[in-house]
Structure formats: structure tokens, C-alpha cells
Amino acid sequence: MCHIIFANLPVLIAGFGEPQFPQSTLGPAGPAAGSLSQIGWVVYILFGFIAIVMWILLAWAVLRRRGSLATHEPWSEGGGQRWVLIGGFAIPFVVLSGIFVFAMERMGQFPVHDGAHITPQIEVIGHQWWWEVRYVGGPPSSQFTTANEIHIPVGRAMDISLQTADVIHSFWVPKLHGKVDMIPGQVNYIRVQADRPGRYEGQCAEYCGEQHAHMRLLVVADPPEKYEAWREAQLSDAVEPKTEEALHGRDVFNDSACALCHTIRGTAAHGLVAPDLTHIGSRANIGANSYVNNTGNLGGWITHAQTFKPGAEMPNLTAYSGMDLRALVAYLQQLK
């Protein structure tokens, strides 16, 4: 175990770099992740040192050996118990106890939330396989719902409640915090804060079914003024189409199965079983952040979602003509 960690130590040391390791726990961007990163660095460095010592001892044992297997002492002669006690019990006990105490001290810095003394600004609900994100801080007029992409202001702690609509999921954005499970019938909480602007990738960290690997998450940390501008834009209803093609696309959306599952505020679409699409054009990705939000992927997702994400609740919608599909994509892309 130790020699494996030691052999990969250069990779671990480089792990905080961007963009090669966007989900590294060794390059924290927030206070909670910073505490967890300290635990990781201590463990990696300590185990690397132990690996060096073990290789030295193995080399020493090989180089100083005498005799052969034919001349070894009978096993009944005994001896070596001191090595077993020191190397097999005493040293591991001291090392692991020290790591345990240090980890408990670091983790003790996190606030414990029982739901009675916290008012979350954001609610995140896990679905198979996407994230429903509700901004619930403040009066109803300042609340809205989005999906798969969470925006937070830099330097401000945001309390998030975590729930699931089906099976167990796990919320994990490595550069901002550790893993917190989302368990049916239970509400858990996490406090997320980013120290610098950026896009921080996360994912579901608990196997939740066929498309678990494509249940990705994106947290965007914006400067406060940019965050407030984004929030104001999200509060508004869907923009009115400006082109004939987009107008036709809106009609296609409202007259098809899309409106039965999705919501677009300001229109007749009020479906509640799939992501809110009111501002889908402003999101970086689609398919729970599995694919870049561009014309090709969006059109392919509409017509062949089961090819992109087999098992997802989004069905293949292959009945659209080429003109209708282009219009529908144009309409969705201008929803910003």
C-alpha cells in the first residue's frame, strides 16, 4: 500500500494543478476543503516516508543475508518477536493514532447542522441522474429553481440542504468540501464557500444506478456583483423569442411532450418531473454537465437522449422534422 502511494507521489503533488486535475482534493479553493487537504497532505507525506524506510529495510535484509534455505535455523528456535512487536504493532499504532487524532481535530472545525439552527440559502435535490437546485433564501419573490449548475458568491458561506427524490446520492465538490450523502427521508446540510472565482467540478460520489458516472455537478463561484447580476437574471421569466425561427421553436416546445415534463417560466410549460429550462441557454453544459451546451449536443440530446445517457428518463424524440428541431434548438439557446 505504502509503496504504491510513494510511487504515485509526483502525481499527487501535481494534483492541485488546473486543468489536469479539476477535482483534486489537494488544491483546495475553500476553507472546508483546506482543512481536508491538510489531512490528505499529512497522510501522503507520512506514507511516502514510511515507504522509503520500508524499502531501505528490505534492501538491508537482502544485502546482509547469510547462508541458504538449506541451512536456516528451525522455526522452533524462535526469535524475532521484538521486530514483530515494534514494527507490526507499536509503530503502526502510534502512526495511525496520530493520524486519527489530527483528522478528528481538523474535522471538528466543521459546523454541525441538525436543521434546527440553520436556514439554507440553497436546496439541492438528487434525482436519477441530475441535480435540482432551488434558491430558497429570502421571500418567495426572490426564489427560483434551476438545475445541475450552482452559482455562489466568492467569499460568502452558503448553507445548502441536501435531499434525494429516489435513491442514495452523494454531493461532492472536492475543491470546496468533502462528501455528504443524500439519504431518502433525511435532510443533510453542507456549508460551501469559495475563496476565489472559478468553476469547480463535482459529481455524485455514491453509486446510484446506470448513469451514476454522468451525474456531474458544477459550482460557479462569481465575484459578488456578478453573482447578484446572475441571480437577478435567473429571477426573470423566459425571454421572448426575437426571431421567427425561435418563435416557431417555442410553439414546437409547447405543443410537444417537452412541456409535459419541463418548466419554462412565463410560458404554458409547467412540468415538474424534469429540469427547469427557463434559462437553459445560460448553462455551460447539458445532461447533468456531461456534455457541452452547444447546438450539436443540444439537438442530439433532444432526439437521442438514450444514446447520450442510456436509462435516463428523457426519451428519444425522433418525430421532429429538421426544420422543427432547428427551431426548437434555437429557442432553447436564447433562453438566457
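**Exercise 1. Strand β4 and its sheet**

In which sense do β4 and strand β10 pair, and over how many bridges? Then place the pair in its sheet.

*Solution.* The model is a predicted one.

Step 1. Start with the pair. β4 and β10 (residues 216–222) run parallel and are joined over 5 bridges. One residue pair fixes the register: His151 has Val220 of β10 as its bridge partner.

Step 2. Widen the view to the sheet. Its order is β4-β10-β9-β6-β7, an open arrangement of 5 strands with mixed pairing.

Step 3. Find the edges. These are β4 (149–153) and β7 (180–182). Each has a single partner strand, so one side of each lacks a neighbour in the sheet.

Step 4. Add the twist. Neighbouring strands here are turned by 25° against each other on average, direction ignored.

Step 5. Look for a helix on the sheet. α5 packs on it and touches β4 and β10. The direction of α5 makes about 135° with that of β4.

**Exercise 2. The sheet that contains β5**

Which strands stand at the edges of the open sheet that contains β3 and β8? Describe the sheet around them.

*Solution.*

Step 1. Write the order: β3-β2-β1-β5-β8, with 5 strands and mixed pairing.

Step 2. Read off the edges. β3 (144–147) and β8 (188–192) each have a single partner strand, so one side of each is left without a neighbour in the sheet. The twist from one strand to the next averages 25°.

Step 3. Check the pairing at β8. Strand β5 (residues 158–164) and β8 run antiparallel, joined by 5 bridges. Within this pairing, Leu162 is bridged to Asn188 of β8.

**Exercise 3. Helix α5 and Glu228**

Across which strands does helix α5 (residues 224–235) lie, and is its residue Glu228 buried, partly exposed or exposed?

*Solution.*

Step 1. Place the helix. α5 lies across β2 (130–135), β3 and β5, and runs at about 105° to β3.

Step 2. Recall the other sheet. α5 also touches β4 and β10 there.

Step 3. Turn to Glu228, a residue of α5. Its relative accessibility is 34%, so Glu228 counts as partly exposed.

Step 4. Relate Glu228 to Ile152. The two are 76 residues apart along the chain, and their C-alpha atoms are separated by 9.4 Å.

**Exercise 4. The α6–α9 contact**

What is the angle between helix α6 and helix α9, and how far apart are their axes? Classify the packing and its residues.

*Solution.*

Step 1. Take the geometry. α6 (residues 244–254) and α9 (residues 322–333) pack at about 100°, with axes 7 Å apart.

Step 2. Classify. The range 65 to 115 degrees counts as roughly perpendicular. α6 and α9 are therefore roughly perpendicular to each other.

Step 3. List contact residues. Those of α6 include His248, Arg250 and Phe253; those of α9 include Met323, Arg326 and Tyr331.

Step 4. Sort them by type. The whole contact has 9 nonpolar, 2 polar and 4 charged residues.

**Exercise 5. Cysteines**

How many disulfides does the structure hold? Examine Cys204 and Cys261.

*Solution.*

Step 1. Count. There are 0 disulfides.

Step 2. Test Cys204. Its nearest cysteine sulfur, that of Cys208, is 3.8 Å away. The cut-off is within 2.5 Å, and Cys204 is in no disulfide. With 1% relative accessibility, Cys204 counts as buried.

Step 3. Test Cys261. The nearest cysteine sulfur belongs to Cys258, 8.3 Å away, and Cys261 is in no disulfide. Cys261 is partly exposed, at 31% relative accessible area.

Key:
Residues numbered from 1 in each chain as written. Predicted model: local features only at pLDDT ≥ 70, side-chain atom pairs only at ≥ 80, totals over all residues. Heavy atoms only, no water. Pairing = 2+ DSSP bridges. Helix = DSSP H or I, 4+ residues; strand = E, 2+ residues; numbered from the N terminus. Axes fitted to C-alpha atoms, helices over the stretch in contact; angles between N-to-C directions. Contact = heavy atoms within 4.5 Å. Buried < 20%, exposed > 50% of the residue type's maximum accessible area, 1.4 Å probe, protein only. Parallel < 35°, antiparallel > 145°, perpendicular 65-115°, else oblique. Nonpolar A, V, L, I, M, F, W, Y, C, P; charged D, E, K, R; others polar.
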